[in-house]
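User: I am learning how the terms used for protein structures are justified. Could you go through this one with me and set the values against the definitions?

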Amino acid sequence: MSRAPVVVHRPSISGSSRVSAHRYGRDEILGTVCSDHDLVVFLEGVGIDEAVPDDRRWVEWRGGPAHEFRVA
């Protein structure tokens, strides 16, 4: 089973989520996002122009619901 190349990690107390990408055989931290717009910019930056945050083939949300960037 293959995993999505982009992972949005659980939200932090600061209201952002770390984003990592699996490419070139390793995981690379891309930075943090605070919104879906930020995430789309990251996806475009790694060459995934057609991906949307809800597409499980490209994006895996870990540690919280999709589109949630703040800790409840």
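Analyst: Let us begin with one residue: His67 has a relative accessibility of 30% and therefore counts as partly exposed, since buried means under 20% relative accessible area, exposed means over 50%, and partly exposed lies in between (1.4 Å probe, protein chains only). This is a predicted model, in which local features need pLDDT of at least 70 and side-chain atom pairs count only at pLDDT 80 or more, while totals for chains, interfaces and linings use all residues. Residues are numbered from 1 along each chain as its sequence is written, and side-chain values use heavy atoms, with hydrogens and water left out.

User: What makes the phi of His67 worth pointing out?

Analyst: Most residues other than glycine have a negative phi. His67 is not a glycine, and yet its phi is positive, at about 70°; the residue is found in the segment after β4.

User: Why is the contact between Asp55 and Arg57 called a salt bridge?

Analyst: The term requires a side-chain nitrogen of Lys or Arg within 4 Å of a carboxyl oxygen of Asp or Glu. The side chains of Asp55 and Arg57 meet at 2.7 Å, N to O, so the pair satisfies this rule. Asp55, at 14% relative accessibility, counts as buried, whereas Arg57, at 63%, counts as exposed.

User: How many salt bridges does this rule give?

Analyst: The count comes to two. Besides the pair just described, Arg62 and Glu60 meet through their side chains at 2.8 Å, N to O. Arg62 has 33% relative accessibility and is therefore partly exposed, and Glu60, at 26%, is partly exposed as well.

User: How do you know that β1 and β2 are paired strands?

Analyst: Strands (E, at least two residues) and helices (H or I, at least four) are DSSP runs, numbered from the N terminus, and two strands pair if DSSP finds at least two bridges between them. Four bridges join β1, residues 6-11, to β2, residues 17-23, and so these antiparallel strands meet the requirement. Val8, for example, stands opposite Val19 in β2.

User: What joins β2 to β3?

Analyst: Seven bridges join β2 to β3, residues 26-33, and the two strands run antiparallel. Ser17 has Val33 in β3 as its bridge partner, while Arg23 stands opposite Arg26. The hairpin of β2 and β3 has two residues between the strands, and Tyr24 takes a positive phi near 55° there.

User: Which strands are called edge strands, and in what order do the strands lie?

Analyst: Four strands form an open sheet of mixed pairing in the order β3-β2-β1-β4. The edge strands are β3 and β4 (59-61), each of which pairs on one side only.

User: What makes a group of residues a nonpolar core?

Analyst: A nonpolar core is a set of buried Ala, Val, Leu, Ile, Met, Phe, Trp, Tyr and Cys residues joined through side-chain atoms within 4.5 Å. The largest one here has 10 residues, including Val8, Leu39, Val59 and Trp61, and β1, α1 and β4 each supply at least two of its residues.

User: Which residues is Val8 in contact with, leaving aside its neighbours within four places in sequence?

Analyst: Contact means heavy atoms within 4.5 Å, and the partners of Val8, with those neighbours left aside, are Ser17, Arg18, Val19, Leu39, Val59, Glu60, Trp61 and Arg62.
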